[in-house]
Amino acid sequence: SEECIKKWSAFRCLNGELEYDGNRYILNDGRWYQIKQSFYDEVCDYFNELDISELQFPEHQGLREGPYLRSIANDVDLVLLDQKWVRPDGVSNNLEFCDLLSQCNGIIHVKKYGSSALLNHLFAQAYQSIEMLVNSPEVIDQVNVHLNGTALNLAFDHSLSPRDHRIILAIMDHRTGDFTFPFFAKVSLRHYARKIKSMGFNVELAKIPIGNRLSDEQLAAQI
């Protein structure tokens, strides 16, 4: 039998942007916001000026994050750190340093494209990893334990400017066409990217295309 666990208006699932009568309006999770045009332009210009990573990712074919990350990690060029926990001194819970570490000093955070709230979580994680790298040296040793048996090692030199490492925010996108985010995700990205850049690290974006989607049976087998 079917049981309704929770329900909500379909309107709450809608997100969009429009310009009307000289004003900019944003629909986010079923709520309308009027945005000052100058602020809108500043946020969009910042997003458009962020670097696009030269690192090329294989198509995700509809896989979930975990199976996709496991499928592309090879312990040489890309090492899997998803679900590999670290804990800075004075912190009571386990944290992830990043999802992937690359041979070219990329600290990679991966998320499927989604709402502003979902993407905000990704940006916050990226900032958290840089804060740990700079301010919690014990985390470096913990990450290197996870890197045992791979070709990579994490080292950080405080004296280097600009930094050797860079943050790569990789989005598993199901859409074709231009690579863009919802407006409030762009606002959040600008906030965290500025903080990361103020610590000497560059921030790069990467789009992971879907390619040819696997069948439902194939996807189920990968979970």
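On a 1 Å grid over the protein atoms alone, a cavity is a set of points where a 1.4 Å probe fits but cannot get out, and a lining residue has an atom within 4 Å of a point. The model is predicted, so local features need pLDDT of at least 70 and side-chain atom pairs count only at pLDDT 80 or more, while totals for chains, interfaces and linings use all residues. Residues are numbered from 1 along each chain as its sequence is written, and side-chain values use heavy atoms, with hydrogens and water left out.

**Exercise 1. Empty space**

Task: Find which residues line the largest cavity, and state the volume of the largest pocket.

Solution.
Step 1. The count comes to 1 cavity of 30 Å³ or more, and the largest cavity has a volume of about 30 Å³. A volume here is the space filled by probe spheres set on the points, with grid points joined across faces, edges and corners.
Step 2. The largest cavity is lined by E96, F97, C98, D99, H109, Q125 and Q128.
Step 3. This lining has 2 nonpolar, 3 polar and 2 charged residues. Ala, Val, Leu, Ile, Met, Phe, Trp, Tyr, Cys and Pro count as nonpolar, Asp, Glu, Lys and Arg as charged, and the others, Gly among them, as polar.
Step 4. A pocket is an open set with protein on both sides within 12 Å along at least five of seven lines. The largest pocket holds about 150 Å³ of space.
Step 5. Of the 13 residues lining the largest pocket, N105, N153, L154, A155 and H165 lie nearest its centre. By class, the pocket lining has 6 nonpolar, 5 polar and 2 charged residues.

**Exercise 2. The sheet of 3 strands**

Task: Give the strand order of the open sheet of 3 strands and identify its edge strands.

Solution.
Step 1. Strands (E, at least two residues) and helices (H or I, at least four) are DSSP runs, numbered from the N terminus. Two strands pair if DSSP finds at least two bridges between them.
Step 2. The order is 1-2-3, with antiparallel pairing. Strand 1 (16-20) and strand 3 (31-35) are at the edges, each with a single partner strand, so one side of each has no neighbour in the sheet.
Step 3. Strand 1 pairs with strand 2 (residues 23-28) over 5 bridges; G16 has L27 as its bridge partner.
Step 4. Strand 2 pairs with strand 3 over 5 bridges as well, and R24 has I35 as its bridge partner. In the hairpin of strand 2 and strand 3, with 2 residues between the strands, D29 takes a positive phi near 50°.

**Exercise 3. The sheet of 6 strands**

Task: Work out which strands stand at the edges of the open sheet of 6 strands.

Solution.
Step 1. The order is 4-11-10-9-8-5, with mixed pairing.
Step 2. Strand 4 (51-52) and strand 5 (78-80) each have a single partner strand, so they stand at the edges.
Step 3. Strand 10 (residues 166-172) and strand 11 (residues 202-208) run parallel and are joined by 7 bridges. M172 stands opposite I208 in strand 11.

**Exercise 4. Two helices**

Task: Describe how helix 3 and helix 5 pack.

Solution.
Step 1. Helix 3 (residues 116-135) and helix 5 (residues 183-198) pack at about 5°, with axes 9 Å apart. Axes are lines fitted to C-alpha atoms, for helices over the stretch in contact, and angles run from 0 to 180 degrees between N-to-C directions.
Step 2. Helix 3 is therefore roughly parallel to helix 5 (angles under 35 degrees).
Step 3. The contact (heavy atoms within 4.5 Å) includes F123 and Y127 of helix 3 and L189 and Y192 of helix 5.
Step 4. By class, this contact has 11 nonpolar, 3 polar and 1 charged residues.

Methods: Angles under 35 degrees count as roughly parallel, over 145 as roughly antiparallel, 65 to 115 as roughly perpendicular and the rest as oblique.
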